[in-house]
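Colleague: Before we discuss any details, please show me the model. After that I would like to ask, term by term, how each word you use is justified.

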Amino acid sequence: MTIITNKEFNVDACSIVSLPKISDPRGNLTFIEGGDHIPFDIERVYYLYDVPGGAERGGHAHKGLHQLIIAMSGSFDVVLDDGFSKKRVHLSRSYNGLYVCPMIWRELDNFSSGSVCMVLASNRYDEEDYFRDYGDFLKAAGVPK
Ligand code: TYD
């Protein structure tokens, strides 16, 4: 049986964005301009920090939210899942961002000590935009039972 996946929102659409880096012996500088370096305007910024060893974050998908995930300090992994395919991405550079499109179940794990995960988001916080149940997500993604 051929499985037709959602062509627009799948793990292949989630990729590393190389952000501008102004190298300087006094310290490097990176900047991000919404709608220019990333494919959405930034409406919200949030960050995870003081993450205890072995902790996992995420465990949900968004219906319409676009995000860019950046390891501002330290490193961690992001596991992306569109219901048909999965991929694990290791983030450790503050000049790289991982673009995550809507309809992707994500888990964040393998946080290094002292790591900081910053997320740029296309909309304000809205619990209605979440799939928090994996079964509900698979159903909405069109995954056959
Ligand atoms: P959640 O998105 O589940 O966190 P993570 O994906 O990092 O594991 O959010 C955790 C809690 O924080 C949840 O109660 C909702 C709240 N929250 C806000 O109030 N505003 C926000 O912008 C975010 C991202 C979460």
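Modeller: Let us begin at the ligand, where one of its oxygen atoms has a polar side-chain atom of Y130 at 2.7 Å. Please keep in mind that this is a predicted model, in which local features need pLDDT of at least 70 and side-chain atom pairs count only at pLDDT 80 or more, whereas totals for chains, interfaces and linings use all residues. Side-chain values rest on heavy atoms, with hydrogens and water left out, and residues are numbered from 1 along each chain as its sequence is written.

Colleague: What makes the pair formed by Y130 and the ligand a polar contact?

Modeller: A polar contact is a pair of N or O atoms within 3.5 Å (within protein, one must also be able to donate a hydrogen and the other to accept it, and residues adjacent in sequence count only if both atoms are side-chain atoms). The 2.7 Å of Y130 falls within that limit, so the term applies. R132 also places a polar side-chain atom 2.9 Å from an oxygen atom of the ligand, and in G58 a polar backbone atom is 2.9 Å from a ligand oxygen. The ligand taken alone exposes 530 Å², of which the protein buries 63%, these areas coming from the Shrake-Rupley method with a 1.4 Å probe.

Colleague: Which residues are around the ligand, and which strands supply at least two of them each?

Modeller: The residues around the ligand are R44, Y46, L48, R57, G58, H60, Y125, Y130 and R132, where being near means having a heavy atom within 4 Å. Strands β4 and β5 each contribute at least two residues to this shell, a strand being a DSSP run of E with at least two residues, numbered from the N terminus.

Colleague: Between those strands is D50; how do you know whether D50 is buried or exposed?

Modeller: The loop that holds D50 runs between β4 (44-48) and β5 (57-62). Buried means under 20% relative accessible area, exposed means over 50%, and partly exposed is in between (1.4 Å probe, protein chains only). D50 has 69%, which is over 50%, so D50 is exposed. M103, in the loop between β9 (96-100) and β10 (105-109), has 13%, which is under 20%, and therefore counts as buried.

Colleague: What do the phi angles of D50 and M103 look like?

Modeller: Phi is near 55 degrees in D50 and near 65 degrees in M103, both positive values in residues other than glycine. This deserves a remark because most residues other than glycine have a negative phi.

Colleague: How do you know that β7 and β8 are paired?

Modeller: Two strands pair if DSSP finds at least two bridges between them; β7 (residues 76-81) and β8 (residues 86-91) are joined by 6 bridges, so the condition is met, and they run antiparallel. D81 stands opposite K86 of β8, and the two strands form a hairpin with 4 residues between them, including G83, whose phi is positive at about 100 degrees. They belong to an open sheet of 5 strands with antiparallel pairing, in the order β8-β7-β10-β5-β12. β8 and β12 (130-131) are called edges because each has a single partner strand, which leaves one side of each without a neighbour in the sheet.

Colleague: Why is D77 in β7 called buried, and what does its side chain meet?

Modeller: D77 has a relative accessibility of 7%, which is under 20%, so D77 counts as buried. Its side chain makes polar contacts with the side chains of R88 at 2.9 Å and H90 at 2.6 Å.

Colleague: What makes a group of residues a nonpolar core?

Modeller: The members must be buried Ala, Val, Leu, Ile, Met, Phe, Trp, Tyr or Cys residues joined through side-chain atoms within 4.5 Å. The largest such core has 28 residues, and L68, I69, F76 and L80 have the most contacts inside it. Apart from it lies another core of 6 residues, among them W105, F131, F137 and A141.

Colleague: Where does G97 lie, and is it buried or exposed?

Modeller: G97 lies in strand β9, and its relative accessibility of 0% is under 20%, so G97 counts as buried. Its C-alpha is 4.7 Å from that of I70, although the two are 27 residues apart in sequence. Beyond its neighbours up to four places away, G97 is in contact (heavy atoms within 4.5 Å) with S15, I16, V17, L19, L68, I69 and I70.
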